[in-house]
Amino acid sequence: MKLHSLFLPASAALVTFLFFSASCTKKMDAAADEKVPLEDKKAAVQAAALQLVWQDEFNGSSLDLSKWGYENGDLGVNNEQQYYQTPNVAVTGGNLVITARKQSVGGKPYTSGRINSNGKFSKRYGRIEARIKLPAVQGLWPAFWMLGSNIGQPGVGWPRCGEIDIMEHVNTGNTVLGTIHWWNTAYSYYGGNTTTSPTNYHIYAIEWDAAGIRWFVDGVQFHSANILNNINGTEEFHNNFFIILNLAVGGNLPGQVINDSALPATMMVDYVRVYNIVDNPGDIPIGSVISLRGNNNQYASGENGTQAMRCNRATVQAWEQFTVVDAGGGKVALRSMSKYVSSENGTQPITCNRATIGDWEKFDWISNSDGTFSLRGNNGNYISSENGVQAMTCNRPAIGGWEKFTN
């Protein structure tokens, strides 16, 4: 459970929302709807394209204030021990860096950072993801989450606005959490968890549509919640939400035992990206034979699986033809000469030599606004033509000219 305070964009005054004590009713299974599992619902995304609509790659030297705002001060929530301040947030080395310090400010024994997109960007439905490297320190509570944009409206507040926790982690364990909070005659929440290596970079994401919310780490789903037809009072999750990134110190979830000797400690965010999920399967040419023409006007060749793929062929012949195969879960595979293209997880040039479809052979088909398409591997990076001058790769964090293709 979280309690919240935030700065609303129209005012510099801190608006505090006080809600329920720890003794309030908690409905752990309120969104589970065991009689009708989410996985069985026809409205769930079965095959989908992704369209990038908003992003921050954190490639500059300061926070982009057209996308984010700072939340500063003692927010007075969750029994947390930090004072949030701007100097604890930096953009450097291609990352957003939020630092927790043992530093007394404003009556609090620690400082840290918190930013949100409230009043600058919000979204209803889509895929929301970030690539994040976490600290694993006793007493720290990093989070990547969302709140309903109507939180500041009269009579709403939290939890009636709804909350989606895409990723939370506490203390030194290897468990990450995914949770929703809402109001259904009483405060309610429903969560799941999975294990990972938090101190390494991972891609934390949700895919959210009118049927439900699904949680992923590195492309692997670990949890789902049913919101179809506002079941169990989940109408909050059909409104716009804004994005929050923060690193709390202490609080109800991690407890108040804090390892001061491990501070300062940082939460590092490589990027945040938001996509529309285009749930018209016609946007993905499943079953079609296509070519991959790079912006160098050359075609990608599968090389018959005998060497790494290159995008340097002037014409299309058998090795330059690929069948688009439905790989399940809204992803596609590309088959040429009875073999599948592999991203090689971005660690070496891509190949077309796999006999079966595994995670490295699955791609998101992304339709770009200029009529081109891009292919994103399960590692969260994009296939690049490398302009035809070297073997193709799947290690680009963003879509540029070399990451766009036409048929």
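**Figure 1. Strand β8 and its hairpin with β7.** K102 stands opposite Y110 in strand β8, in a model that is predicted. Strand β7 (residues 95-105) runs antiparallel to β8, and three bridges join the two. Two residues lie between these strands in the hairpin, and G106 in the turn has a positive phi of about 60 degrees. Strand β8 itself comprises residues 108-112 and is mostly covered, with four of its five residues buried. Strand β8 also pairs with β5, here in the parallel sense and again over three bridges. Within that pairing, T111 of β8 is the bridge partner of Y83.

**Figure 2. The surroundings of Q82 in strand β5.** Strand β5 covers residues 82-84 and includes Q82. Is Q82 buried or exposed? Its relative accessible area is 2%, and Q82 is therefore classed as buried, the limit being under 20%. The side chain of Q82 takes part in a polar contact of 3.4 Å with the side chain of Y84. A polar atom of the Q82 side chain also lies 2.8 Å from the backbone nitrogen of V249. Leaving aside residues up to four places away in sequence, Q82 touches G73, K108, Y110, T111, S112, A248 and V249. Of these neighbours, Y110 is the residue that K102 stands opposite, and T111 is the bridge partner of Y83.

**Figure 3. The surroundings of N246 in strand β18.** N246 lies in strand β18. With a relative accessible area of 4%, N246 falls under the 20% limit and so counts as buried. Which side chains make polar contacts with the side chain of N246? One is that of Y84, joined to N246 by a polar contact of 3.0 Å. Another is that of W145, at 2.6 Å. The side chain of Y84 thus appears in this view as well as in the previous one, where Q82 is its partner at 3.4 Å. Not counting residues up to four places away in sequence, N246 touches Y84, I98, G113, R114, W141, P142, A143, W145 and M267.

**Figure 4. The open sheet that contains β18.** Seven strands make up an open sheet with antiparallel pairing, in the order β4-β9-β18-β11-β12-β13-β14. Strands β4 (69-70) and β14 (187-195) are the edge strands, each pairing on one side only. Strand β9 (residues 114-116) pairs with strand β18 (residues 241-249) in the antiparallel sense over three bridges. In this pairing, N116 stands opposite I244 of β18. Strand β18 is also the strand in which N246 lies.

**Figure 5. Strand β16 between β15 and β17.** How many of the residues of strand β16 (residues 212-217) are buried? Six of its six residues are buried, and the strand is described as mostly covered. Both faces of β16 are covered: one side carries the buried residues G212, R214 and F216, and the other carries I213, W215 and V217, likewise buried. Strand β15 (residues 202-208) pairs with β16 in the antiparallel sense over five bridges, and the two form a hairpin with three residues between them. The bridge partner of Y204 in β16 is V217. Strand β17 (residues 220-226) also pairs with β16 in the antiparallel sense, over six bridges. R214 stands opposite S224 in β17. The hairpin of β16 and β17 has two residues between the strands, and D218 takes a positive phi near 55 degrees there.

**Figure 6. The largest cavity and its lining.** Two cavities of 30 Å³ or more are present in the structure. The largest cavity has a volume of about 60 Å³. Which residues line the largest cavity? The lining consists of R127, E129, I203, D218, G219, K331, D364, R376, G377, N378, N379 and G380. Strands β10 (126-133) and β28 (373-377) each supply at least two residues of this lining. By class, the lining has six charged, five polar and one nonpolar residue. D218 links this view to the preceding one, as D218 lines the cavity and takes a positive phi in the hairpin of β16 and β17.

Definitions and conventions
Residues are numbered from 1 along each chain as its sequence is written. This is a predicted model: local features need pLDDT of at least 70, side-chain atom pairs count only at pLDDT 80 or more; totals for chains, interfaces and linings use all residues. Side-chain values use heavy atoms; hydrogens and water are left out. Buried means under 20% relative accessible area, exposed over 50%, partly exposed in between (1.4 Å probe, protein chains only). A polar contact is a pair of N or O atoms within 3.5 Å; within protein, one must be able to donate a hydrogen and the other to accept it, and residues adjacent in sequence count only if both atoms are side-chain atoms. Contact means heavy atoms within 4.5 Å. On a 1 Å grid over the protein atoms alone, a cavity is a set of points where a 1.4 Å probe fits but cannot get out, and a pocket is an open set with protein on both sides within 12 Å along at least five of seven lines; lining residues have an atom within 4 Å of a point. Grid points are joined across faces, edges and corners, and a volume is the space filled by probe spheres set on the points. Ala, Val, Leu, Ile, Met, Phe, Trp, Tyr, Cys and Pro count as nonpolar, Asp, Glu, Lys and Arg as charged, and the others, Gly among them, as polar. Two strands pair if DSSP finds at least two bridges between them.
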